[in-house]
Amino acid sequence: MRIGVFCSGGDAPGMNACVRGVVRTAVGGGHEVVGVRRGYQGLLDEDFFLDQQGQPQMRLRSVSGWCEYGGAFLRSSRSEEFRTHDGQQKAAEILTRRKIDALIPIGGDGTLRGAIELAKLWNGQIIGCPGTIDNDLIGSDNTIGFSTAVQTAVEAVDKLRDTAESHERMFLVEVMGRHSGYIALYTALAAGAEVVCVPETHTDIPAHVAHLKKLQQRGKRSIMMIVAEGEEEGGVELLQKKLEDAGCPFSCRSIVLGHLQRGGAPTPEDRMLAARLGVAAVRALENGDTGKMAGIIGGDVALTPFAETCGGHKLLPPQLLDLVDTLAQ
Ligand code: F6P
C-alpha cells in the first residue's frame, strides 16, 4: 500500500510524533509512505517530503528524533483552494496519478471535514488522526496537542499569579480553543484559578461580580479568571471593561496567551497519544477501514466515522465545570 500522510490546520505539539508513528508502522510493515508537506495545499502543489535520494518517500530514518519536537516538520496550512470543489477534484486526481492508495490526515475538524469531501471524489482509504490543541473532536478523550497547550497555559498562569498576589490584582487570561472551553477549563483547574468563562456556558456579569466580592470578603487577595477565546463577551479586554463597569472589586489586567500555546516540546502524554494514534491509523488501513478518525476512548483505540467526529463539538464534562467553584472558595 502507498500511504500519504500530512498535517493540516493549526499545528499542534505531537504532530511530529504522530507522523513518526505512521512511518515506522507502515514502512516497518512493508508499505510505502509519501509525506505531503503543507497539508491539503501541499497536496495540490504536489509538494512532497523528499528522501536523501530526492525520492518522494519517507524512510524509517526520515523520522528519527521527531517525537520530541513541537510544530510540524511536514509543515501545515489552511488551504483556501482545497475548500473549493475544483480544488478537491484536483487533489483527487493527483492522488490517483501518484498511485496513493490511502491517506492519513492529521489535524482538527476542518481537516476531517476536508477528508469527507475528498472521499466523495476519490476511491482511496482515509483514516484521520485528531491533531489540534482545542480538544473539541468527538471520538477521542484527548486530541494531540491538548495536554501540551494546557501545560503551557498553566505555566503562564502560575507566573501571572506572582504579580497578581504581589499587587492584589485580578488577571483575565485568554486562552485558545476556538469554540471549545476545554483548554480554559483544564487550565483553570490545574492552575487553581478562581473563575473560568467558557463558550459552553452563559457569562453572567453581575453574578461574577457578586462572586468576586464574596471571594474578597473571604480573604482572597488575587484572582485568576481564565477566559476561553470563544467566550460570548468577545475577548478579555471587553470582558474586563464590563466587569469593571459592573463594580468588580479588584484592580484588573488582561492578557491573551495566543499562539504560545501551540508551540513547544510535546508533553509525554501527547507523545504517547500521537504515537499510539499513528500506529492505530496504519493498522486501521491494513484492516480495510476508511472514513474514520482514530482516537483513544477510555484507554483503548477507537475508530469513529468522520460524520460523527465532525457532527458537533465534544461537550465539557459538567462535573469538572462545577469543580472550579468548589475548589476556589
Ligand atoms: O485550532 C487551533 C487554534 O489554535 C485555535 O485554538 C485558534 O482559534 C486557531 O487555531 C487560530 O488559528 P490561526 O493560527 O490560523 O490564527
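Where does the ligand sit? In this predicted model, the ligand occupies the largest pocket, and the tour approaches that site by way of the domains.

Begin by colouring the chain by domain. Domain 1 comprises 2-145 + 266-309, and domain 2 comprises 146-262. Placing a marker at the C-alpha centre of each shows a separation of 34 Å between domain 1 and domain 2. Next, select the contacts between the two: 17 residues on the domain 1 side meet 13 residues on the domain 2 side.

Now select the ligand together with its surroundings. The shell is formed by Arg78, Thr132, Ile133, Asp134, Met176, Gly177, Arg178, Glu229, His259 and Arg262. With the domain colours still displayed, note that domain 1 and domain 2 each supply at least three residues to this shell. Recolouring the shell by residue class gives five charged, three polar and two nonpolar residues.

Finally, display the polar contacts of the ligand's oxygen atoms. Select Arg262, where a polar side-chain atom is 2.7 Å from an oxygen atom of the ligand. Move to Arg78, whose side chain places an N or O atom 2.9 Å from a ligand oxygen. Then show the backbone of Gly177, which has a polar atom 3.1 Å from an oxygen atom of the ligand. To end the tour, switch to a surface view: the ligand taken alone exposes 400 Å², of which the protein buries 74%.

How values were computed. Residues are numbered from 1 along each chain as its sequence is written. This is a predicted model: local features need pLDDT of at least 70, side-chain atom pairs count only at pLDDT 80 or more; totals for chains, interfaces and linings use all residues. Side-chain values use heavy atoms; hydrogens and water are left out. A residue is near a molecule or strand if one of its heavy atoms lies within 4 Å of it. A polar contact is a pair of N or O atoms within 3.5 Å; within protein, one must be able to donate a hydrogen and the other to accept it, and residues adjacent in sequence count only if both atoms are side-chain atoms. Accessible areas come from the Shrake-Rupley method with a 1.4 Å probe; for residues, only the protein chains shown count as cover. On a 1 Å grid over the protein atoms alone, a cavity is a set of points where a 1.4 Å probe fits but cannot get out, and a pocket is an open set with protein on both sides within 12 Å along at least five of seven lines; lining residues have an atom within 4 Å of a point. A molecule sits in a cavity or pocket if more than half of its atoms lie within 2 Å of its grid points. Ala, Val, Leu, Ile, Met, Phe, Trp, Tyr, Cys and Pro count as nonpolar, Asp, Glu, Lys and Arg as charged, and the others, Gly among them, as polar. Domain bounds come from an automatic or database domain assignment. Contact means heavy atoms within 4.5 Å.
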